[in-house]
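Subject: Structure handover

Hello,

I am passing on the structure we talked about. Please open it first and then read the notes under it.

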Amino acid sequence: MLPARAVQNRWVWQLGTLRDALDRLVALHDQWLQTRDSLPADARPGTPAFDDALAEYHAEAWSYLDDWATHGHAVHDIHTAARHAPSTLAPPPTATAAPSTGRTNPVRR
């Protein structure tokens with residue numbers, strides 16, 4: 001619960017973009033694992049079969065990673081706003097000091 005003055009309207013759109021990009025990256029990773037597992041046994045890193053499939057996976061993931069590079073700072077911005085927002089759990093600080101009892105506590109040495 002952030003104060004309205006601390007919230008940026010763009011955050012809703014940015015978080016939606018990040019969520020969608022993450023969903024697509026997860027789906028692409030699952031596809032890559034299936035593709036990798038279906039490659040012939042001799043298809044290892046450095047072979048054309050493996051490297052071509054991996055390059056296709058990377059090419060498909062690129063735009064979603066770019067979304068994170070472009071809008072990922074919104075997560076940090078929201079975190080910073082939340083850290084600086086007044087707590088709803090703690091009462092606001094008082095402007096006056098608590099009254100003194102007049103007694104002093106002895107100092108142990």
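The notes below go from the overall fold to the helix contacts and then to single residues.

Please keep in mind that this is a predicted model.

Overall layout

The protein chain contains 3 helices and 0 strands. Followed along the sequence, the pattern is α-α-α. Helix α1 covers residues 10–38, helix α2 covers residues 48–71, and helix α3 covers residues 73–84. The protein chain has 109 residues, and 19% of them are buried. Among contacts with a separation of 6 or more, 77% are between residues 24 or more positions apart.

How α1 packs on α2

The axes of α1 and α2 are 8 Å apart, and the angle between the two helices is about 170°. Angles over 145 degrees count as roughly antiparallel, so α1 is roughly antiparallel to α2. Sorted by class, the residues in the contact of α1 with α2 are 15 nonpolar, 6 polar and 4 charged.

Two C-alpha distances go with this part of the model. R36, which is in helix α1, has its C-alpha 8.3 Å from that of L54, and the two residues are 18 apart in sequence. R36 has a relative accessible area of 37%, so this residue is partly exposed. H29 is also found in helix α1. The C-alpha atoms of H29 and H58 are separated by 9.7 Å, while the residues are 29 apart along the chain. At a relative accessible area of 35%, H29 is partly exposed.

How α1 packs on α3

The axes of α1 and α3 come within 9 Å of each other and cross at roughly 130°. That angle makes α1 oblique to α3. The crossing of these two helices is left-handed. On the α1 side, the contact is made by R10, W11, Q14, L15 and L18. On the α3 side, H73, A74, V75, D77, I78 and A81 take part. By class, the contact of α1 with α3 has 7 nonpolar, 2 polar and 2 charged residues.

Q14 is worth a separate look. This residue of helix α1 has a relative accessible area of 5%, and because buried means under 20%, Q14 is buried. If neighbours within four places in sequence are left aside, Q14 is in contact with H71, H73 and A74. H73 and A74 appear again in the list of α3 residues that make the contact with α1.

T17 is another residue of helix α1. Its relative accessibility is 16%, so T17 counts as buried. Not counting residues up to four places away in sequence, T17 touches D67 and H71. H71 is also one of the residues in contact with Q14.

The aromatic residues

How many aromatic pairs does the structure hold? There are 2 aromatic pairs. One is formed by W32 and F50, and this pair is edge-to-face, with 5.5 Å from centre to centre and 80° between the planes. W32 is in helix α1 and F50 is in helix α2, 18 residues apart, and the pair links distant parts of the chain. W32 counts as buried because its relative accessibility is 8%. F50 counts as buried too, because its relative accessibility is 11%.

W32 and Y57 form an aromatic pair that is stacked, at 5.6 Å centre to centre and 15° between the planes. Y57 lies in helix α2 and W32 in helix α1, so this pair ties together parts that are 25 residues apart in sequence. Both W32 and Y57 are buried.

Taken together, W32, F50 and Y57 form one aromatic cluster.

In short

The predicted model has 3 helices, with α1 roughly antiparallel to α2 and oblique to α3. An aromatic cluster is formed by W32, F50 and Y57, and Q14 and T17 are buried residues of α1.

Regards

How values were computed
Residues numbered from 1 in each chain as written. Predicted model: local features only at pLDDT ≥ 70, side-chain atom pairs only at ≥ 80, totals over all residues. Heavy atoms only, no water. Helix = DSSP H or I, 4+ residues; strand = E, 2+ residues; numbered from the N terminus. Buried < 20%, exposed > 50% of the residue type's maximum accessible area, 1.4 Å probe, protein only. Contact = heavy atoms within 4.5 Å. Phe/Tyr/Trp six-rings, centres within 6.5 Å; stacked < 30°, edge-to-face > 60°. Axes fitted to C-alpha atoms, helices over the stretch in contact; angles between N-to-C directions. Parallel < 35°, antiparallel > 145°, perpendicular 65-115°, else oblique. Left-handed = near helix turned anticlockwise from the far one by under 90°. Nonpolar A, V, L, I, M, F, W, Y, C, P; charged D, E, K, R; others polar.
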